[in-house]
Amino acid sequence: MIKFILNNELVQTKLNPGMTLLDFIREQKQLKGTKIGCREGDCGACTVLVGEENQSRMRYESITSCISPLGNANGKHIVTIEGVNLIDTLNVAQQAMADHFATQCGFCTPGFVVSMTGYAINKNKTRQSTCNDAISGNICRCTGYKSIEKAGLELEKQLMDTQGSEDFEDLAEKGFIPTYFKEIQNRLKELTLLKPRTNGAVVANGTDLYVHHADRLTEEAVHLIAADRSMRHISFSDNRCTLGSNTTVTDILEHRRLREIIPNLRQHLKLVSSEPIRNMGTLGGNFVNASPIGDMTIFFLALNSTLTLQDKKGGKRTLAFNEFYQDYKKFDLKADELVLELSFPVPSPKAQFNFEKVSKRTHLDIASVNSALLIEVEGDSIQEVHASMGGVAPIPKYLYKTVEFLKGKALDPINILKAEQVLQKEISPISDVRGSEQYKRLLGRQLFFAHFIKLFPSHFSLKNLSAP
């Protein structure tokens with residue numbers, strides 16, 4: 001039995017938890033405001049808010065319901081466009097859209113309004129986002145973006161008069177949300193939840209599996225693990241950072257200590273998909289997807305990470321992350337094992353980190369080539385270095401030979417140029433829809449140089465890293 005609150009209604013259902021939340025909303029509850037678009041989590045027409053208690057407060061995040069399993073709604077508050085409507089008037093987001101003529105065909109409008117309302121609820125989150133960040137996962141097919149942006153700015157302006165993030169009484173009084181939001185936290189506490197089934201395909205939040213297998217998973221048994229809070233954490237001990245495999249990109253982005261360790265973390269992670277997908281996608285899911293261009297895989301390979309794997313009996317083993325991948329979509333994970341957590345040594349204050357990515361669009365797209373570098377320099381000598389690159393091999397590539405060459409070398413243009421020659425021999429890109437082999441080799445070269453130009457601008461420039 002799945003129990004959750006859908007807008008202002010308590011829902012109890014015995015339907016397969018593997019069916020998509022979108023199909024349940026539209027076909028079982030006949031709430032047609034949530035639209036069917038791409039069914040891949042890209043367009044945002046199916047955006048809903050998911051609310052759950054976190055540290056004694058309600059936390060709401062936008063997700064794409066087309067690739068989210070129904071069972072993940074268990075014990076939560078799901079908000080569709082119908083659930084943000086006020087009685088006989090428009091809410092602030094809806095009025096801003098109307099005032100700025102920000103809707104044309106109207107198909108995308110519900111998703112935009114839901115995302116904007118979610119931003120209003122969470123306006124003081126530590127990620128320091130804007131309303132335009134909040135709607136980053138919503139596409140307008142009629143290209144009305146400028147009007148929508150103006151509506152977002154209007155909403156931000158009106159939020160300046162509110163008391164603070166997640167003050168539901170104040171937000172309701174000022175017309176951002178309906179009054180029923182004030183009672184949701186207590187209503188969720190009253191739900192008696194059953195333990196989820198533990199057989200079937202293992203699914204976290206579905207951002208990869210449901211793109212490819214939603215129809216099959218709707219009919220089959222699924223083992224949903226996203227609700228396991230023991231696998232969603234970020235902690236520090238003995239100068240190591242440990243992240244549970246259910247940790248999302250948003251969790252990383254909002255973590256104060258991680259932002260201190262990696263000062264440009266926000267800029268790096270803005271290159272990773274849209275806000276709804278960052279809210280959903282888990283580290284474990286990204287790793288076992290085994291994509292050669294997985295952004296978070298490349299990110300953590302360069303942090304010299306270690307994986308902890310756990311079998312069904314609780315037995316654990318660890319291995320270096322750079323030894324996990326064996327061939328295309330093949331990795332060292334037994335049939336009864338899960339990725340439990342990942343850890344990495346906290347970089348020295350002298351160390352610097354950088355992440356680069358090139359895709360057909362600057363944001364919200366799959367990489368053609370991506371790369372990360374962690375480097376520590378003493379004087380002018382490279383003491384420690386780890387580097388990774390995606391899109392240039394059948395697996396996410398840890399650059400063993402390039403790293404080996406760089407260690408102990410002087411930090412100068414000649415050595416970086418020589419290291420790039422080693423890199424070209426180490427990678428083996430192929431031509432595909434994201435670029436030719438030649439193009440990917442060029443990108444690999446440019447991204448490798450970009451690390452050093454950004455991290456050591458007094459040492460390197462495009463000019464002195466140009467081949468003679």
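**Exercise 1. Helices H3 and H5**

At what angle do H3 and H5 pack, and how far apart are their axes? Classify the arrangement and describe the contact.

*Solution.* The structure is a predicted model.

Step 1. The packing angle of H3 and H5 is about 25°, and their axes are 11 Å apart. Angles under 35 degrees count as roughly parallel, so H3 is roughly parallel to H5.

Step 2. H3 and H5 cross in a right-handed sense.

Step 3. On the side of H3, the contact is made by Phe 112, Met 116, Tyr 119 and Ala 120. H5 contributes Tyr 145, Ile 148, Ala 151, Gly 152, Leu 155, Glu 156 and Leu 159.

Step 4. Sorted by class, the contact of H3 with H5 has nine nonpolar residues, one polar and one charged.

**Exercise 2. Helix H2 against H3**

Determine the geometry of H2 relative to H3, and list the residues that meet.

*Solution.* Step 1. Helix H2 comprises residues 92-99 and helix H3 residues 109-121; their axes come within 9 Å and cross at roughly 130°. This angle makes H2 oblique to H3.

Step 2. The crossing in which H2 passes H3 is right-handed.

Step 3. From H2, the residues Ala 93, Gln 94 and Met 97 meet Thr 109, Phe 112, Val 113, Met 116 and Thr 117 of H3. In this contact of H2 with H3 there are five nonpolar and three polar residues, and no charged ones.

**Exercise 3. Helix H2 against H5**

Carry out the analysis for H2 and H5, and identify residues that serve in two of the helix contacts.

*Solution.* Step 1. H2 packs with helix H5 (residues 145-159) at an angle of about 135°, the axes being 8 Å apart. H2 is therefore oblique to H5.

Step 2. H2 passes H5 in a crossing that is right-handed.

Step 3. Val 92, Ala 93, Ala 96 and Met 97 of H2 make the contact with Ile 148, Ala 151, Glu 154, Leu 155 and Gln 158 of H5. Its composition by class is seven nonpolar, one polar and one charged.

Step 4. The lists can now be compared. Ala 93 and Met 97 of H2 meet H3 and also take part in the contact with H5. Phe 112 and Met 116 of H3 meet H2 and also contact H5. Ile 148, Ala 151 and Leu 155 of H5 contact H2 and also H3.

**Exercise 4. The enclosure of helix H1**

Which residues of H1 are buried, and which strands do they pack against?

*Solution.* Step 1. Leu 21, Leu 22, Asp 23, Phe 24, Ile 25 and Arg 26 are the buried residues. Since six of the eight residues of H1 (residues 21-28) are buried, the helix is largely enclosed by the rest of the structure.

Step 2. Packed against the buried residues of H1 are strands E1 (2-6), E2 (9-13), E3 (47-54), E4 (57-64) and E5 (77-79).

Step 3. Gln 30 follows H1 and has a positive phi, near 60°.

**Exercise 5. Two loop residues with positive phi**

Are Asn 7 and Asp 238 buried or exposed? State their backbone setting as well.

*Solution.* Step 1. Asn 7, a residue other than glycine, has a positive phi near 60°. Asn 7 is placed in the loop between E1 and E2. Its relative accessibility is 8% and buried means under 20%, so Asn 7 counts as buried.

Step 2. Asp 238 is not a glycine either, yet its phi is positive, about 50°. Asp 238 lies in the loop between strand E8 (234-237) and strand E9 (240-244). With a relative accessible area of 73%, Asp 238 is exposed.

**Exercise 6. Helix H17 and Thr 402**

Test the length of H17 against expectation, then describe its surroundings and those of Thr 402.

*Solution.* Step 1. H17 (residues 437-455) has 19 residues, which at 1.5 Å a residue should span 27 Å; the end C-alpha atoms are 27 Å apart, in agreement.

Step 2. The buried residues of H17 include Lys 440, Arg 445, Phe 448 and His 451. Their cover includes strands E15 (351-359), E16 (367-378) and E17 (381-390), together with helices H15 (400-406) and H16 (413-426).

Step 3. Thr 402 belongs to helix H15 and is buried, at 0% relative accessible area. Not counting residues up to four places away in sequence, Thr 402 touches Ala 419, Val 422, Leu 423, Glu 426 and Phe 448. Phe 448 is one of the buried residues of H17.

Key. Residues are numbered from 1 along each chain as its sequence is written. This is a predicted model: local features need pLDDT of at least 70, side-chain atom pairs count only at pLDDT 80 or more; totals for chains, interfaces and linings use all residues. Side-chain values use heavy atoms; hydrogens and water are left out. Axes are lines fitted to C-alpha atoms, for helices over the stretch in contact, and angles run from 0 to 180 degrees between N-to-C directions. Helices (H or I, at least four residues) and strands (E, at least two) are DSSP runs, numbered from the N terminus. Angles under 35 degrees count as roughly parallel, over 145 as roughly antiparallel, 65 to 115 as roughly perpendicular and the rest as oblique. A crossing is left-handed if the near helix is turned anticlockwise from the far one by less than a right angle, and right-handed if clockwise. Contact means heavy atoms within 4.5 Å. Ala, Val, Leu, Ile, Met, Phe, Trp, Tyr, Cys and Pro count as nonpolar, Asp, Glu, Lys and Arg as charged, and the others, Gly among them, as polar. The expected span of a helix is 1.5 Å times one less than its number of residues. Buried means under 20% relative accessible area, exposed over 50%, partly exposed in between (1.4 Å probe, protein chains only).
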